[in-house]
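Colleague: Before we discuss this entry, I should like to see it and to hear how its descriptions are justified.

Modeller: Certainly; here it is.

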Amino acid sequence: MSKNAIQYVYHPENFDKSDPLLTQLSDLKSQEMIINLGPQHPSTHGVLRLEVVTDGEMIVKVIPHMGYLHRCFEKHAENLPYNQIIPFVDRLDYAAAMNSEHIYAMGVERMLGIEKNIPPRIEYIRVLVAELNRLSSHFLGVGAYAMDIGAFTPFLWMMRDREHINRLLEWVSGARMLYNYIWIGGLYYDLPVGFEARCLEFVHYLKPRLVELQKLVMENQIFIHRTANIGVLPLDMAINYGVTGPMLRASGLRYDLRKVDAYSVYPEIDFDIPIGEGKMGQVGDCWDRTSVRVEECWQSLRIIEQCIEKLTSVHARTNAFDPQAMLPKKIRPQKMDFYCRGESPKGELGFFFRHNTNFDIPARCKVRSPCFSNLSVISEITQGAMLADLIAILGSVDFIMGEVDR
Amino acid sequence: MTFLEIKNLLIQKFGDQVILQEVPGLQPQLVVAAYEIVDVCSFLKNNANTFFDSLSCITALDNSTVEQSFDIIYHLYSIPHEHHLIIKVTIDRGNENIQPNIDSISSVYRTADWHEREAFDFFGIIFNKHPDLRRILLPSDWEGFPLRKDYQQQKYYHGIEVASVATSDTKI
């Protein structure tokens with residue numbers, strides 16, 4: 001582009017043409033009106049635009065408009081070698097990049113047939129960092145959710161604790177959020193010396209904070225009144241819409257891909273799957289969804305402790321250990337279609353690959369993003385709710401627009 | 001049920017006019033005739049032995065301009081039985097007059113609703129009887145379908161110069 005090129009020609013119809021409303025003004029009944037929520041609105045957690053038809057304070061219809069954060073992941077992936085796609089994978093779910101990287105690397109390794117050769121120390125480190133990132137993602141989800149419905153303190157407290165995780169992961173990889181740490185066939189680098197001890201210190205620090213969180217948010221009467229019996233998602237609807245992750249578990253199904261598919265070293269690790277039980281209201285309401293996330297934090301801590309235990313005893317650091325030893329020189333799988341899935345903090349994250357050339361480049365790399373499917377249920381569960389509850393329901397879905405829009 | 005059992009069950013029910021062939025591999029696929037996709041999916045969902053209650057993913061692929069076809073791949077999963085099935089459908093690429101089209105399975109799986117909109121957005125595949133077939137990620141007035149192999153990027157969008165993307169000719 002030349003230096004003085006005109007970058008934008010304003011025209012009053014541009015916006016209407018690029019993202020028109022679905023509801024025609026002439027179809028509205030006399031009491032109804034259209035409220036446009038977003039795309040720049042803090043409670044939409046990114047750039048989601050909602051077209052809300054309301055009758056007074058009751059919601060008649062919610063129509064999501066996405067694509068404001070579309071970065072052409074699948075188009076870029078057509079021209080990039082497998083290892084260079086990893087930084088793009090980071091930017092899908094930018095709040096849980098390690099989990100996405102782990103699942104992506106696992107998929108490519110299975111295509112190459114080298115997944116059995118990965119040393120256990122590497123797999124334990126991968127699970128350790130992925131669980132740390134899961135904690136950080138849930139902190140962001142719960143903290144921002146509490147702020148959505150009017151409590152400011154939990155957000156600051158969660159951000160304070162999340163900062164420790166960010167710094168731990170920065171120590172590991174050099175970056176705070178977008179790591180490019182898990183590589184196909186290995187890792188960028190071994191854990192820094194002293195990391196295990198510091199990480200254990202963090203676990204001990206965090207446990208009382210989670211108890212505090214339980215008292216401050218989950219058992220808070222205002223919070224319960226705002227979330228219990230709101231946005232109830234029945235189990236059959238959840239499955240039919242492809243909802244996964246904490247949202248599906250909150251609806252009462254004990255379904256976690258870490259157990260179901262038993263990938264990586266998860267079968268060697270002891271942890272439980274919390275589900276929603278309708279303690280404060282009905283099964284599958286907003287409170288249950290938040291509660292499942294908080295319970296999962298405890299389980300992640302258990303996983304982290306077991307990983308550190310293994311990483312300091314059976315699979316302890318040795319001088320001979322090289323995390324890059326297994327990296328394939330050329331990433332050229334057989335010609336095939338392959339789908340690989342795993343449990344990211346938001347749900348089932350899947351990568352579909354088609355490889356049909358002799359290059360390092362996939363012919364197609366499609367992302368099955370959990371947030372995309374989770375968000376699609378929003379227009380069902382908001383029907384008949386109050387306008388103020390719409391914010392509560394949106395926050396409880398805990399989506400990241402980077403993954404919805406890709 | 002194993003892949004072979006499901007395949008035999010489907011051939012028994014629909015015959016080999018509909019269940020065309022099997023693509024072997026690490027994850028075997030079943031090629032199904034496009035015009036019966038809704039019936040096959042609803043049979044698989046409602047049969048107690050298969051009970052594929054969830055649809056993980058729908059992927060559309062362009063098989064190149066030489067073969068003149070699109071693939072659509074459905075990943076079905078049964079939560080209680082813990083078995084997978086991958087269904088592959090090949091449809092004609094169409095021409096200026098006829099757009100590529102296939103029946104929508106969003107009446108069987110609601111997951112398909114948005115996934116099919118995405119396939120329409122990127123490949124221009126029309127899903128018949130879809131409740132709300134609009135572009136989902138790109139702006140409504142974007143020209144062309146970006147993931148097609150013969151996609152030509154527009155030069156300007158609302159007067160903004162569109163940055164050029166590296167093409168597959170500039171491969172390493």
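Modeller: A residue is called buried if 20 or more other C-beta atoms lie within 10 Å of its own. In this predicted model, 49% of the 406 residues of chain A count as buried.

Colleague: How do you know whether the radius of gyration of chain A agrees with that of a compact globule?

Modeller: The globule rule is 2.2 Å times the number of residues to the power 0.38. For 406 residues the expected value is near 22 Å, and chain A has 22 Å, so the two agree. The C-alpha trace spans about 75 × 55 × 45 Å along its principal axes.

Colleague: What makes up the secondary structure of chain A?

Modeller: Chain A has 16 helices and eight strands. Of its contacts with a separation of 6 or more, 72% join residues 24 or more positions apart.

Colleague: Which domains are assigned to chain A?

Modeller: The assignment gives domain 1 (14-65) and domain 2 (73-398). Their C-alpha centres lie 31 Å apart.

Colleague: How do you know that domain 1 of chain A touches domain 2 of chain A?

Modeller: Two residues are in contact if their C-beta atoms lie within 7 Å. By that criterion, 12 residues of domain 1 are in contact with 15 residues of domain 2. On the domain 1 side, β2 (49-55) and β3 (58-65) of chain A each give two or more residues. β3(A) gives the most, with six residues. The residues of this side divide into six nonpolar, four polar and two charged.

Key
Residues are numbered from 1 along each chain as its sequence is written. Chains are lettered from A and ligands numbered from 1 in the order in which they are written. This is a predicted model: local features need pLDDT of at least 70, side-chain atom pairs count only at pLDDT 80 or more; totals for chains, interfaces and linings use all residues. Helices (H or I, at least four residues) and strands (E, at least two) are DSSP runs, numbered from the N terminus. A residue is buried if 20 or more other C-beta atoms lie within 10 Å of its own, exposed if 12 or fewer, and partly exposed in between; C-beta atoms are placed from the backbone. Domain bounds come from an automatic or database domain assignment. Ala, Val, Leu, Ile, Met, Phe, Trp, Tyr, Cys and Pro count as nonpolar, Asp, Glu, Lys and Arg as charged, and the others, Gly among them, as polar.
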